[in-house]
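Let's take a walk through this fold together, one strand at a time. Have the model open beside you and follow along.

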Amino acid sequence: MDRKVRVGIIGCGGIANGKHLPSLSKLPDVELVAFCDLIEERAVKAKEQYGTPDAKVYTDYHELLKDPTIEVVHVLTPNRAHADISIDALHAGKHVMCEKPMAKTAADAKRMLDAARETGKMLTIGYQHRSKNEAKYLKAVIDRGDLGEIYFAKALAIRRRGTPNWGVFLNEYEQGGGPLIDIATHSLDLTLYLMNNYEPKMVVGNTFKKVENPQAGNPWGGWKDEDNKLEDSAFGYVVMKNGAVVTVESSWALNTAVPIQEGSTMLMGTKAGAHIINGETVINKVEFGRQEQIKPDFAKGGVAFYEGNSSDPALNEARQWIDAVEGKGTPVVKPEQAYVVSQILEAIYTSAKTGKPVFFD
């Protein structure tokens with residue numbers, strides 16, 4: 001394979017090492033040639049493990065962007081920095097993969113969208129749950145019309161106890177919020193994608209910080225109360241312009257006996273319903289006057305859109321993204337879609353603060 005896509009990494013922390021770097025390193029047409037982090041040791045370590053022999057290390061991302069041989073940049077920083085770095089990278093002539101959420105605020109997400117349009121460079125957001133084989137299967141079923149008109153859906157990301165206490169997860173300035181912007185963002189993105197509906201009309205929501213001593217049972221341990229002022233749960237009610245309703249349910253700590261993984265969704269249509277919950281995919285409908293459930297087997301191969309895909313959604317995401325860079329298609333996650341997700345998340349936070357619904361133009 002002659003063509004090599006030269007990639008620069010900005011942000012060499014947890015999401016880089018847990019998702020992007022292992023996936024990109026498995027693609028034979030990718031070279032990881034530059035690593036940037038405010039903590040130089042992180043960038044050095046990432047280079048040693050994943051970089052080409054001549055890969056460079058930076059602590060200032062502006063210097064990385066000056067390299068004209070870098071074609072793609074992955075922005076893997078805290079949420080607050082997503083917009084400025086992505087916009088600078090786009091204007092430097094790079095295609096950009098930015099980790100979710102698109103930005104800390106909807107206004108920043110809009111600036112990113114505008115920059116992509118102005119430069120003509122590709123911008124995508126790291127919503128890897130779309131790249132799960134379950135999601136690809138269900139998307140094909142829905143696009144065929146099997147569910148009919150989807151008029152009610154649930155975006156679900158419920159942890160009984162699972163508050164992340166490392167990095168900047170508990171830092172509102174850096175991240176913008178708690179479980180709503182952290183994990184519900186995945187579920188909402190997947191739900192809207194499967195519905196193919198990006199036209200919200202009104203949002204009402206509320207956030208809570210209610211669970212006493214959530215450190216108890218937390219798999220990652222505790223924290224100082226003064227270090228965590230973020231919501232432990234958040235809920236939203238979204239009315240779309242066509243009348244469809246989407247509920248958003250998320251938590252880091254909630255007294256529920258049944259946790260629901262991020263990237264879970266329920267969809268109810270006029271002909272049938274379907275869900276992806278905790279990795280199980282079910283289509284429910286009536287056939288010959290009988291209620292029935294269909295549970296696809298993803299342990300075996302399937303039709304063309306499934307065959308050959310990894311069971312790892314992060315690897316599928318990376319492969320599809322690099323294919324788009326090479327001109328073999330378009331990114332699965334479009335910035336216009338991710339912008340709507342950011343708008344809805346922000347509207348839930350705004351409604352929670354004001355006690356009023358938020359209306360879209």
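**From strand to strand**

Our tour begins where strand 4 (residues 72-75) and strand 5 run parallel, joined by 4 bridges. Keep in mind as you look that this is a predicted model. Within this pair, Val 75 has Cys 98 of strand 5 opposite. To get from strand 4 to strand 5, the chain passes through helix 4 (residues 79-91), and this β-α-β crossover is right-handed.

Now stay with strand 5 for a moment. All 5 of the 5 residues in strand 5 (residues 95-99) are buried, so the strand is largely enclosed by the rest of the structure. Its two faces are both covered: on one side sit His 95, Met 97 and Glu 99, on the other Val 96 and Cys 98, and all are buried. Strand 5 also runs parallel to strand 6 (residues 123-126), with 4 bridges between them. Here Glu 99 stands opposite Gly 126. Helix 5 (residues 106-119) completes a right-handed β-α-β unit with strands 5 and 6.

Next, turn to strand 2 (residues 30-36). Of its 7 residues, 6 are buried, and therefore strand 2 is largely enclosed by the rest of the structure. Strand 1 (residues 5-10) runs parallel to strand 2 and is joined to it by 6 bridges, while 3 bridges join strand 2 to strand 3 (residues 56-58), again in parallel. Phe 35 is a handy landmark: it stands opposite Ile 9 of strand 1 and opposite Val 57 in strand 3.

The connections here are right-handed β-α-β units too: one is made by strand 1, helix 1 (residues 14-24) and strand 2, another by strand 2, helix 2 (residues 40-50) and strand 3.

Terms used. Residues are numbered from 1 along each chain as its sequence is written. This is a predicted model: local features need pLDDT of at least 70, side-chain atom pairs count only at pLDDT 80 or more; totals for chains, interfaces and linings use all residues. Side-chain values use heavy atoms; hydrogens and water are left out. Buried means under 20% relative accessible area, exposed over 50%, partly exposed in between (1.4 Å probe, protein chains only). Two strands pair if DSSP finds at least two bridges between them. A crossover is right-handed if, with the strands pointing away from the viewer, the path from the first strand over the helix to the second runs clockwise.
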